[in-house]
Amino acid sequence: MQNIISAWFVQGMIKATSDAWLKGWDERNGGNLTLRLDEADIAPYSGDFHAAPRYIPLSQPMPVLANTPFIVTGSGKFFRNVQLDPAANIGVVKVDSDGTGYHILWGLENDALPTSELPAHFLSHCARISATGGKDRVIMHCHATNLIALTYVLENDTRLITRKLWEGSTECLVVFPDGVGILPWMVPGTDEIGEATAAEMSRHALVLWPFHGVFGSGPTIDEAFGLIDTAEKSAEILVKVLSMGGMKQTISRDQLVALGKRFGVTPLAGALDL
């Protein structure tokens, strides 16, 4: 029987949480990360599971996720500590057969619980399963500094934020042609913000929470991380440009159209037509 710490999904969580901490995206216990797994992923490590897995009811049924395992970060846990003690800071959970709750199979020791943003994550997983035909498996939430900064100075509008980020770096339109969704400010950790995020996630792989952070999704941890990293780099450029007096020139609409054609992506029409 293999040790679960060596599993690709545990090692992936360790790397992503460590990298996010080093980026400055996840201060203290800020941020959370969940990865949807298959039964085949966790089966080789059943010998490491808790003898009596704790059962936690969900605040609302999620039958789409029935019998699905996930690896998740813990509530109140610091990303910087995951690499030091994975079993205390992350855990493997499995939703029950009717989607009304989940068992903690491994990790989250000392009665720890999954992230308080789990409702938003699970609802967003449901939305991305539908939007991508099951391709997307990762939901990542972090406090990317420059993306947050932009929500204070730009109108919090999907079309405008998307267009400015596309203009901030040439690769952005290729990496997130579906644009960036944005919510009004809402109290985090509630079903309400989870439902609003999922509604945006049905249309966008990236969703901004103004004055708070960003949600990103993708098929792998690398792709979800890279999506946020790309948007955050553009936001950093925009913050510098705005601090220097604003754009004197930028990528034109025709150039954005040409970029989409070259890379075979369909840009969000509303952002393109601003």
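Here is a short conversation about the sheet, the helix packing and the empty spaces of this predicted model.

Visitor: Before we start, which ground rules apply to this model?
Guide: Residues are numbered from 1 along each chain as its sequence is written, and side-chain values use heavy atoms, with hydrogens and water left out. Because the model is predicted, local features need pLDDT of at least 70 and side-chain atom pairs count only at pLDDT 80 or more, while totals for chains, interfaces and linings use all residues.

Visitor: Which are the edge strands of the open sheet?
Guide: Strands here are DSSP E runs of at least two residues and helices are H or I runs of at least four, numbered from the N terminus. Two strands pair if DSSP finds at least two bridges between them. The nine strands follow the order β2-β5-β4-β3-β1-β6-β9-β8-β7, with mixed pairing. Pairing on one side only marks the edge strands, β2 (54–57) and β7 (180–182).

Visitor: Which residue of β8 stands opposite G181?
Guide: β7 runs parallel to β8 (residues 206–209), and three bridges join them. Opposite G181, in β8, stands V207.

Visitor: How do the axes of α7 and α10 run relative to each other, roughly parallel or roughly perpendicular?
Guide: Axes are lines fitted to C-alpha atoms, for helices over the stretch in contact, and angles run from 0 to 180 degrees between N-to-C directions. The axes of α7 (residues 158–168) and α10 (residues 221–243) come within 8 Å and cross at roughly 85°. Angles under 35 degrees count as roughly parallel, over 145 as roughly antiparallel, 65 to 115 as roughly perpendicular and the rest as oblique. That crossing therefore makes α7, relative to α10, roughly perpendicular.

Visitor: Which residues of α10 make the contact with α7?
Guide: Contact means heavy atoms within 4.5 Å. From α7 come K164, L165 and G168. Facing them in α10 are A231, S234, A235, I237 and L238.

Visitor: How much space lies in the largest cavity?
Guide: On a 1 Å grid over the protein atoms alone, a cavity is a set of points where a 1.4 Å probe fits but cannot get out, a pocket is an open set with protein on both sides within 12 Å along at least five of seven lines, and lining residues have an atom within 4 Å of a point. Grid points are joined across faces, edges and corners, and a volume is the space filled by probe spheres set on the points. The lining includes W185, W209 and H212. The space comes to about 40 Å³.

Visitor: Which helix gives the most to the lining of the largest pocket?
Guide: This pocket holds about 290 Å³ of space. α5, β9 and α10 each supply at least two lining residues. With four residues, the most comes from α10.
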